[in-house]
Amino acid sequence: MPTEREHRRVTVEPGGPILIDGPVQVQLPDGTTARSDRFVVAVCACRRSKRYPFCDTSHRKKIRDD
Ligand code: FES
């Protein structure tokens, strides 16, 4: 786990999640905190994940334009 002065790597995937070196705590607007101990955490940037704030690969699904 990085110390306070070390930099975490954050990678923005075009059209996909934001990858952050874990573990992470994500503070949500409703005041709750989501935690993940994964080595790399995929945070949803498309807001379609059923596991929000974490990516569930829903960003890969095509949206029907009926
Ligand atoms: S970025 Fe993957 S589900 Fe939103």
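The legends below describe close-up views of a predicted model of one protein chain.

Residues are numbered from 1 along each chain as its sequence is written. In this predicted model local features need pLDDT of at least 70 and side-chain atom pairs count only at pLDDT 80 or more, whereas totals for chains, interfaces and linings use all residues; side-chain values rest on heavy atoms, with hydrogens and water left out.

**View 1. The protein chain has five strands and zero helices.** Along the sequence the pattern is β-β-β-β-β. Helices (H or I, at least four residues) and strands (E, at least two) are DSSP runs, numbered from the N terminus. The C-alpha atoms fill a box of roughly 50 × 25 × 15 Å along the principal axes. Of the 66 residues, 26% are buried; buried means under 20% relative accessible area, exposed over 50%, and partly exposed in between, with a 1.4 Å probe and protein chains only. The accessible surface is about 5,600 Å², and carbon and sulfur atoms account for 50% of that surface. Areas were computed by the Shrake-Rupley method with a 1.4 Å probe, and for residues only the protein chains shown count as cover. Among contacts between residues at least 6 apart in sequence, 19% join residues at least 24 apart, a contact being heavy atoms within 4.5 Å.

**View 2. Charges of the protein chain, 13 positive and 9 negative.** The mean positions of the two sets are 4 Å apart. Lys and Arg count as positive and Asp and Glu as negative, while His and the chain ends are not counted. Each charge is placed at NZ of Lys, CZ of Arg, CG of Asp or CD of Glu.

**View 3. Strands β1 and β2 form a hairpin.** The two strands run antiparallel and are joined by three bridges; strands pair if DSSP finds at least two bridges between them. T11 has L19 in β2 as its bridge partner. Five residues lie between the strands, and G15 in the turn has a positive phi of about 75°.

**View 4. Strand β2 (residues 18–21) pairs with β5 in the antiparallel sense.** Four bridges connect β2 and β5. I20 is bridged to V41 of β5, and D21 is bridged to V40 of that strand. Side chains alternate along β5: V41 and V43 point to one face and are buried, whereas V40 and A42 point to the other and are not.

**View 5. The largest nonpolar core consists of I20, V24, V26, A34, V41, V43 and F54.** β3 (24–27) and β5 each supply at least two residues of this core. A nonpolar core is a set of buried Ala, Val, Leu, Ile, Met, Phe, Trp, Tyr and Cys residues joined through side-chain atoms within 4.5 Å. Not counting residues up to four places away in sequence, V24 touches A34, R35, S36, V41 and F54.

**View 6. P17 sits in the loop between β1 (10–12) and β2.** P17 counts as buried because its relative accessible area is 9%. Neighbours within four places in sequence aside, P17 is in contact with T11, V12, A42, V43, A45, C55 and H59. P29 is twelve residues from P17 along the chain, and the C-alpha atoms of P17 and P29 are separated by 19 Å.

**View 7. H59 lies in the segment after β5 (40–43).** The relative accessibility of H59 is 18%, so H59 counts as buried. With neighbours within four places in sequence left aside, G15, G16, P17, C46 and R48 are in contact with H59.

**View 8. Cis peptide bonds at P23 and P53.** The bond joining G22 and P23 is cis, with omega about 0°. P23 belongs to the loop between β2 and β3. A cis bond also joins Y52 and P53, where omega is about 15°. P53 is in the segment after β5.

**View 9. R47 and T57 have positive phi values.** R47 is a residue other than glycine with phi near 65°. R47 is placed in the segment after β5, and it counts as exposed because its relative accessibility is 61%. T57 is not a glycine either, and its phi is about 70°. T57 is also found in the segment after β5. The relative accessibility of T57 is 33%, so T57 counts as partly exposed.
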